[in-house]
Amino acid sequence: MSASPSTQVALITGGAVRVGRAIVEAFGGRGYAVAIHANRSVEQAQESADQLAQRGVSTLVVLAEIQEEAALRGMIDHVHSHFGRIDVLVNNAAIWSPQPLEEVTAAAVRKYFEVNTLATFVACQHAG
């Protein structure tokens with residue numbers, strides 16, 4: 001379901017579960033059209049979208065590995081072309097695996113940086 005031209009659009013990365021799902025619900029409840037990004041939680045994202053759609057909220061589920069810049073940019077382009085705009089971007093997607101500092105590898109830190117920091121930068125830059 002597409003949004004009307006006057007409806008504001010929110011894209012929430014990591015919007016399928018936990019805090020992200022609450023953010024999606026909050027925007028949907030305030031009359032926004034909502035794009036829900038998922039990576040592994042596709043079923044949960046679709047459940048949220050279906051529940052919102054039943055209440056008349058325009059929704060779109062988008063999939064992307066956000067640490068892959070081309071995939072992230074493609075996802076943002078898809079949301080923009082589907083709804084015609086993006087008014088709000090919530091960078092909620094993040095990864096973390098708690099473990100003792102002595103066990104954290106440089107490769108893990110690079111991955112955390114790519115997902116938690118660099119993807120946020122690229123998303124803001126491209127959506128803006």
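## Strand 1 and its partners

In this predicted model, L11 of strand 1 has L89 of strand 4 as its bridge partner. The two strands, 1 and 4, pair in the parallel sense, and 4 bridges connect them.

Strand 1, which spans residues 9-13, is also joined to strand 2 by 4 bridges, and these two strands run parallel. Two pairs of residues illustrate this connection. V9 stands opposite A33 of strand 2, and I12 has I36 of strand 2 as its bridge partner. Between the two strands the chain passes through helix 1 (residues 18-29), and the resulting β-α-β crossover is right-handed.

Strand 1 is mostly covered, since 5 of its 5 residues are buried. The covering applies to both faces: V9, L11 and T13 lie on one side, A10 and I12 lie on the other, and all of these residues are buried.

## Strand 2 and strand 3

How many of the residues of strand 2 are buried? For strand 2 (residues 33-38) the count is 6 of 6, so the strand is largely enclosed by the rest of the structure. Its side chains alternate in direction: A33, A35 and H37 point one way, V34, I36 and A38 point the other way, and all are buried.

Strand 3, made of residues 59-63, pairs with strand 2 in the parallel sense over 5 bridges. Within this pairing, A35 stands opposite L60 of strand 3, and the bridge partner of I36 in strand 3 is V61. I36 therefore takes part in bridges on two sides, with I12 of strand 1 and with V61 of strand 3. Helix 2 (residues 42-54) belongs with these two strands: strand 2, helix 2 and strand 3 make a right-handed β-α-β unit.

L63 is a residue of strand 3. Leaving aside residues up to four places away in sequence, L63 touches A38 and V42. L63 and C124 are 61 residues apart in sequence, and their C-alpha atoms are 17 Å apart in space.

## The sheet as a whole

In what order do the 4 strands stand in the sheet? The order is 3-2-1-4, the sheet is open, and the pairing is parallel. Strand 3 and strand 4 (88-91) stand at the edges with a single partner strand each, so one side of each has no neighbour in the sheet. From one strand to the next, the twist averages 15°.

Helix 3 packs on this sheet and touches strand 1, strand 2 and strand 3; the direction of helix 3 makes about 160° with that of strand 3.

## Two buried residues outside the strands

S48 is found in helix 2. Is S48 buried or exposed? Its relative accessible area is 0%, so S48 counts as buried, the limit being under 20%. Not counting residues up to four places away in sequence, S48 touches A16, R21 and I36.

I86 lies in the loop between helix 3 and strand 4. I86 has a relative accessible area of 17% and is therefore also buried, because this value falls under 20%. Beyond residues up to four places away in sequence, I86 touches V9 and L11, together with I76, V79 and H80. I86 and I76 are 10 residues apart along the chain, and their C-alpha atoms are separated by 8.6 Å.

## The packing of helix 3 and helix 4

Two packed helices are described by the angle between their axes and by the distance between the axes. For helix 3 (residues 69-83) and helix 4 (residues 106-127), the angle is about 40° and the axes are 10 Å apart. The crossing of these two helices is right-handed.

Which residues make the contact between helix 3 and helix 4? Helix 3 contributes E69, L72, R73, I76 and D77, while helix 4 contributes A119, V122, A123, Q125, H126 and A127. Sorted by class, the contact contains 6 nonpolar, 2 polar and 3 charged residues. I76 thus appears in two settings, as part of the contact with helix 4 and as one of the residues touched by I86.

Methods. Residues numbered from 1 in each chain as written. Predicted model: local features only at pLDDT ≥ 70, side-chain atom pairs only at ≥ 80, totals over all residues. Heavy atoms only, no water. Axes fitted to C-alpha atoms, helices over the stretch in contact; angles between N-to-C directions. Left-handed = near helix turned anticlockwise from the far one by under 90°. Contact = heavy atoms within 4.5 Å. Nonpolar A, V, L, I, M, F, W, Y, C, P; charged D, E, K, R; others polar. Buried < 20%, exposed > 50% of the residue type's maximum accessible area, 1.4 Å probe, protein only. Pairing = 2+ DSSP bridges. Right-handed = clockwise from strand over helix to strand, strands pointing away.
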